[in-house]
Amino acid sequence: MSNKKKALAIVLGGGRGTRLYPLTMDRSKPAVPFAGKYRLVDIPISNCINSGLRQIYVLTQFNSASLHNHIANTYQFDQFSGGFVEILAAEQTYASESWYQGTADAVRKNLKHFHDQNADYYVILSGDQLYRMDFRTMLDRHIKSGAELTIAAKPISRAQATGLGIIGADDEGLIRKFYEKPAPDMDITEYKVPEKCLKEQLGQKRDESNEYLASMGMYIFNAKTMEEALNNDKTDFGKEIIPEIIKTRKVSAFLFDGFWEDIGTIKAFYETNLNLASEKPAFNFYDEEMPIYTHRRHLPATKANFCNISYSLTSEGSIITNAYIVNSIIGVRTFIEAGASLDGVYCMGATHYETEEEKANNARKGIPNIGIGRATIIKRAIIDMNARIGSNCRIGIDNIPRPDGDFDLYSIHDGIIVINKNAAIPDGTVI
């Protein structure tokens, strides 16, 4: 890293992930399957690896078993590199018996583990965002600015500002104030980004599309500064720690103009995934210079038998027969039977193949096979891992009232139907 200084990456796994429920019913938020073959945690970890950051901690506390398995089976560094990806789950100690109370509290409770690496800088990242960034560039700016804290900032419009933390910077990119999630009717004119700052960092002129700066939830701290800032009982970076640091210390903004999306809700998760299957997706997974890494499954190529597939992604190990698929993502090991139709569907796939004996036993019990059954029609839905959708089902098709809510085998959020992990939907079901 820059000036031969050592930086340590810390990925915040989030809390219960209630906004992504039921996808977080049996797994932590970073472990949620994404883009057909990845997990959400693959995004920040891949950005770290591509940036030369090879010492990475992931902080989590809820439903962490699948995340442990994914990371253990995916990120294995050789013994000479000194690299690692290690999960730090909430733990009871003699000093504390409580779980993580927030982002800052999670980091505070693990400082004793971070001290072992003797880092000069801490790179704090979120586990539920889609972006591609070389953190070396951000670290270079942090060091050259002489700041004690640098916050990654995305230029946005006023309409986008309501749900985000808004940064008030000066001409030099130094942050003078911060406001967490201003109301739509609130006057935040004083937070407009100076044109000089935009021009120097991004070469842009200010207009309605980039007149404010939103915090991306990515921070680079000087190690000493972060430890001093956490020497209290404050629990959250965005709401408590950051506003206090800005008052007394030098804090810089690092402007980023690439693709960035917070995918913490079912709606954002669904729309971001389906955009990847469009003709010109906003995020490019096909980048050989900075790839996104994930678990190697050694599966065969997908087989499509007499299908009509358009504007869709099909992951490896799937078998699709005489089906119509549009604007959809097909996850690993997905079986789709004859006559099925999918429009705007993210089917996450399966963790294993069923044997013929298992299929026969399930058939005798009236349980469908894992995958999508014959002549089933699905629209605007997410099908979680290992779900079994029977034949002749109609999901999201019929014009019937579908209020949001969580039910036995599925949930509805923002009009998007989510079939639960391991759910078995009987033949002929209408949702």
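Is Asn-386 buried or exposed? In this predicted model, Asn-386 has a relative accessibility of 7%, and because buried means under 20%, this residue counts as buried. Asn-386 belongs to the loop that joins strand E23 (377-383) to strand E24 (388-389). A look at its surroundings helps to fill in the picture. Leaving aside residues up to four places away in sequence, Asn-386 touches Gly-349, Ala-350, Thr-351, His-352, Ile-370, Asn-422 and Ala-423. With Thr-351 there is also a polar contact: a polar atom of the Asn-386 side chain lies 2.9 Å from the backbone nitrogen of Thr-351.

The chain as a whole offers a useful setting for this residue. Its secondary structure consists of ten helices and 29 strands. The radius of gyration is 23 Å, close to the 22 Å expected from the globule rule for 431 residues, so the chain is as compact as a globular protein of that length. Along the principal axes, the C-alpha atoms fill a box of roughly 70 × 50 × 40 Å. Of the contacts with a separation of 6 or more, 64% join residues 24 or more positions apart.

Burial and surface can be described for the full chain too. Of the 431 residues, 54% are buried. The chain exposes about 19,600 Å², and 46% of that area is supplied by carbon and sulfur atoms. As for charge, the chain carries 49 positive and 53 negative charges, and the mean positions of these two sets are 2 Å apart.

Two of the helices deserve a closer look. In helix H1 (residues 42-50), nine of the nine residues are buried, so this helix is largely enclosed by the rest of the structure. The buried residues run from Asp-42, Ile-43 and Pro-44 through Ile-45, Ser-46 and Asn-47 to Cys-48, Ile-49 and Asn-50. Just after H1 comes Gly-52, which takes a positive phi of about 80°.

Helix H9 (residues 266-275) has seven buried residues out of ten, so H9 is likewise largely enclosed by the rest of the structure. Its buried residues are Ile-266, Ala-268, Phe-269, Tyr-270, Thr-272, Asn-273 and Leu-274. For readers tracing side chains along a helix, a general point may help: an α-helix has 3.6 residues a turn, so residues three or four places apart point the same way.

Conventions. Residues numbered from 1 in each chain as written. Heavy atoms only, no water. Helix = DSSP H or I, 4+ residues; strand = E, 2+ residues; numbered from the N terminus. Rg over C-alpha atoms; globule rule 2.2 N^0.38 Å. Buried < 20%, exposed > 50% of the residue type's maximum accessible area, 1.4 Å probe, protein only. Contact = heavy atoms within 4.5 Å. Areas by Shrake-Rupley, 256 points an atom, 1.4 Å probe, with all protein chains shown as cover. Lys, Arg positive; Asp, Glu negative; His and termini not counted. Charge placed at Lys NZ, Arg CZ, Asp CG, Glu CD. Polar contact = N/O pair within 3.5 Å; in protein donor to acceptor, adjacent residues only side chain to side chain.
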